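Here are some short exercises to work through with the model open beside you. Try each task before you read its solution.

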Amino acid sequence: MKTAAVIGLGAMGFGVAKNLMKECTVKGYDIVPQAVERFVNAGGTGCSSPADAAEGADAVFVIVMNGQQAHDVIFGKNGMAETLKEGAVIVLNSSIGAESAKQLAEEVKGNRFTLVDCPMTGGSFGADAGTLTLMVSGEESEYEKVKDMLGLISKKVYYVGSEVGLGQTVKSCLQAMVANTCTAAVESLLLGTKAGLDPELLAGVISDSVVGSGWFRHFSDKLISRDFEAGSAKITTLYKDVNITLELAHQVHVPMNATSHTFELFQTAFGRFPKEDVWSIAKLYEAQADAVVEKK
């Protein structure tokens, strides 16, 4: 049985770890003790540091917030570079942008371990169900080493190229769609609500239409139930991701008019509701419209 480690046991990391347990011995670390305790109660082996978690692991899944955190858990004090075995693979699931991923890959070069870029989409509900979609880039031989493990946590894996950072580029493009779906969902549901429709009925119609998706259903359910603090899609995360998307757009000189507007909304909502989920942007619209999207 292979050994996997997961660094970062939050909403996404816990689901990934749980599904890896189907066929692997799984070790885990998080800076939040309660997250480690939850992981242990689910059957995992809790660890005191990234180095402790990485020792003996065939693959280490890094699911942290940003590039600095990813660097620190690998190369910082008590980082996994101290203990990773020969031939181990770091699976970079964090959305940190292509440039940051490339920088990490350069630092990893020449070590006894390797790195594949593997951002993911599907939300905490996808992580929990093992139905994530993954975008992998890096040396194909290293991807092959972890392919079976990736199958445990996903419904679809796309190998997008041999250059680390291409997976991050795909994720940046995707997050523009995700973010703009949020604003479109709020505007549609608020319009219908103020015009006299039951928002649950309207959400059902949209869900079964050509633009319906799992993300829209999750978003609308949480908004209509006014559940802003579930922690399943924190505005902090999407705000960070869209910023990365716009940085990429600036680098390659692509206009992102709708996404730029959405980013400004996220920035305002992040300032007002920093601990809430992304559907809290609805409150900004509702204040202007003098209407609330809620169950009738």
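A residue counts as buried when its relative accessible area is under 20%, as exposed when that area is over 50%, and as partly exposed in between. Keep in mind that this is a predicted model.

**Exercise 1.** Decide whether Thr193 is buried or exposed, and find what its side chain reaches.

*Solution.* Start by locating Thr193, which is found in helix H8. Its relative accessible area is 12%, so Thr193 is buried. Next, follow the side chain: it reaches the backbone oxygen of Leu189 at 2.8 Å.

**Exercise 2.** Stay with helix H8 and find which residues make the nonpolar surface patch of about 290 Å².

*Solution.* The patch is made by Tyr158, Val160, Leu166 and Val170. Now assign the elements: strand E9 (154-161) and helix H8 (166-194) each supply at least two residues of the patch. Take Val170 in helix H8 as a check. With a relative accessible area of 32%, Val170 is partly exposed.

**Exercise 3.** Work out why helix H1 (residues 11-20) can be called largely enclosed.

*Solution.* List the buried residues of H1 to begin with: Gly13, Phe14, Gly15, Val16, Ala17, Asn19 and Leu20. Seven of the 10 residues of the helix are therefore buried, and H1 is largely enclosed by the rest of the structure.

**Exercise 4.** Describe the surroundings of strand E4 (residues 59-62).

*Solution.* Look at the side chains of E4: Ala59 and Phe61 point one way, Val60 and Val62 the other way, and all are buried. Then turn to the partners. Strand E1 (residues 3-7) runs parallel to E4 and is joined to it by four bridges, with Ala4 opposite Ala59. Strand E5 (residues 89-92) also pairs with E4 in the parallel sense, over four bridges, and here Val62 stands opposite Leu92. Finally, trace the connection: E4, helix H4 (residues 67-75) and E5 make a right-handed β-α-β unit.

**Exercise 5.** How many salt bridges does the whole structure hold, and how accessible are the residues of the one between Glu276 and Lys283?

*Solution.* A search of the whole structure gives 10 salt bridges. In the chosen one, the closest N and O atoms of Glu276 and Lys283 are 2.8 Å apart. Glu276 is buried, at a relative accessible area of 11%, whereas Lys283 is partly exposed, at 21%. For another case, take Lys240 and Asp241, whose closest N and O atoms are 2.8 Å apart; both residues are buried. To finish, look for a network of salt bridges: one links Glu99, Lys102 and Glu163.

Terms used:
Residues numbered from 1 in each chain as written. Predicted model: local features only at pLDDT ≥ 70, side-chain atom pairs only at ≥ 80, totals over all residues. Heavy atoms only, no water. Buried < 20%, exposed > 50% of the residue type's maximum accessible area, 1.4 Å probe, protein only. Patch = residues over 30% accessible without salt bridge, like charges linked within 9 Å, V, L, I, M, F, W, Y side chains within 5 Å. Areas by Shrake-Rupley, 256 points an atom, 1.4 Å probe, with all protein chains shown as cover. Salt bridge = Lys/Arg side-chain N within 4 Å of Asp/Glu carboxyl O. Pairing = 2+ DSSP bridges. Right-handed = clockwise from strand over helix to strand, strands pointing away. Polar contact = N/O pair within 3.5 Å; in protein donor to acceptor, adjacent residues only side chain to side chain.
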